[in-house]
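This report describes one protein chain, from its overall make-up down to single residues. Look over the sequence and the structure before reading on.

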Amino acid sequence: MAAPTLILAAAAAPAGDNPYGLMQALHEGGLISWATFIILVGMSVFSFYILFTKLLQQQKIMSQANKVRASFWNAPNLREAANKLEARSAYRAIVEDALIAQDQHGKLTDPIDQHDWMANSLARSQGSITARLGEGLAFLATVGSTAPFIGLFGTVVGIYRALIKIGAAGDASISTVAGPVGEALIMTALGLVVAVPAVLAYNWLIRRNKSITEDLAAFTNDVHGYLMSNGAVKPAMATTAAKPGAQTRTAAAPSPRGSEPVRPGMTPTGAQSDRS
């Protein structure tokens with residue numbers, strides 16, 4: 001937590017080193033300055049807490065994705081494949097929800113197409129995981145957008161106090177306005193110190209969440225295809241390669257001449273028949 005550490009270190013600086021330091025400015029500013037300072041420090045602490053916890057959550061799901069790519073689709077069925085994953089794995093939750101939806105489809109009194117039922121169930125499962133990934137990001141966005149204005153509020157109060165001192169003293173000497181103006185500038189700086197890391201963290205986490213969501217969507221689509229084909233359709237990573245030298249024919253391979261059905265009135269070579 002670099003930002004809170006710097007803020008607290010500056011606040012703890014000895015008073016004799018700088019007569020216009022942070023502690024002196026807060027002491028002179030009174031309740032409003034202290035309230036603004038505490039709010040900004042609290043926002044910064046919670047911002048870094050959210051950043052580190054979301055990074056751990058994202059990294060956990062990314063490691064689960066690596067396990068899925070490595071061994072999940074090599075299992076004989078989805079139940080055994082799900083047992084290979086961690087108990088609280090996001091990918092395991094999707095598989096278990098898919099199996100539950102498959103069992104529930106046969107119990108529906110008002111029949112619905114199985115394809116639509118499974119697609120809706122998987123979409124709901126994936127959506128709940130995506131929602132958990134997005135928890136806390138709204139706070140980062142709020143901090144990034146409001147912290148500069150909170151600091152600006154402290155700035156306005158400091159400038160106002162400087163003007164009051166100038167009017168009361170009858171002069172605008174440096175010794176008269178240095179304290180309030182210094183307090184105003186410190187509040188502006190604190191607002192920026194809190195807001196900038198929050199904005200950067202928000203954008204970074206959003207980008208990582210997008211990548212994770214794309215992986216989850218691809219996995220959900222693979223599970224849907226597997227269930228709708230009774231296990232015949234699997235991702236390309238799960239298919240076994242053909243033996244070297246084996247004679248294989250793909251769906252796009254052209255058929256040999258003569259194997260196509262002959263239409264009435266045509267010869268096998270494609271010429272018009274003379275038979276009437």
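What percentage of the residues of the protein count as buried? Of its 276 residues, 32% do, where buried means under 20% relative accessible area, exposed over 50% and partly exposed in between, with a 1.4 Å probe and protein chains only. This is a predicted model, in which local features need pLDDT of at least 70 and side-chain atom pairs count only at pLDDT 80 or more, while totals for chains, interfaces and linings use all residues. Residues are numbered from 1 along each chain as its sequence is written, and side-chain values use heavy atoms, with hydrogens and water left out.

**Overall make-up**

The protein has eight helices and zero strands; helices (H or I, at least four residues) and strands (E, at least two) are DSSP runs, numbered from the N terminus. The accessible surface is about 16700 Å², and 62% of it belongs to carbon and sulfur atoms; the areas come from the Shrake-Rupley method with a 1.4 Å probe, and for residues only the protein chains shown count as cover. Contact means heavy atoms within 4.5 Å. Among contacts in the protein with a separation of 6 or more, 71% are between residues 24 or more positions apart.

**Annotated spans**

An unreviewed UniProt entry carries the annotation "transmembrane region" for residues 31-52, 137-164 and 184-205. Positions are given in the numbering used here, feature names are shortened, and annotations may be inferred rather than shown by experiment. Two of these spans are set out below.

| Span | Helix | Strand | End C-alpha atoms apart |
|---|---|---|---|
| Residues 31-52 | 100% | 0% | 32 Å |
| Residues 184-205 | 100% | 0% | 32 Å |

**Helix 5**

Helix 5 covers residues 90-105, which is 16 residues. Its expected span is 1.5 Å times one less than its number of residues. That gives 22 Å, which agrees with the 23 Å between its end C-alpha atoms. The buried residues of helix 5 include Tyr91, Ile94, Val95, Ala98 and Leu99. An α-helix has 3.6 residues a turn, so residues three or four places apart point the same way.

**Two residues of helix 8**

Asn209 lies in helix 8, residues 174-228. Asn209 is buried, with a relative accessible area of 8%. Leaving out residues up to four places away in sequence, Asn209 touches Gln58, Leu133, Gly134 and Leu137.

Val199 is also found in helix 8. Is Val199 buried or partly exposed? Val199 is partly exposed, with a relative accessible area of 35%. Val199 and Ala141 are 58 residues apart along the chain, and their C-alpha atoms are separated by 6.5 Å.
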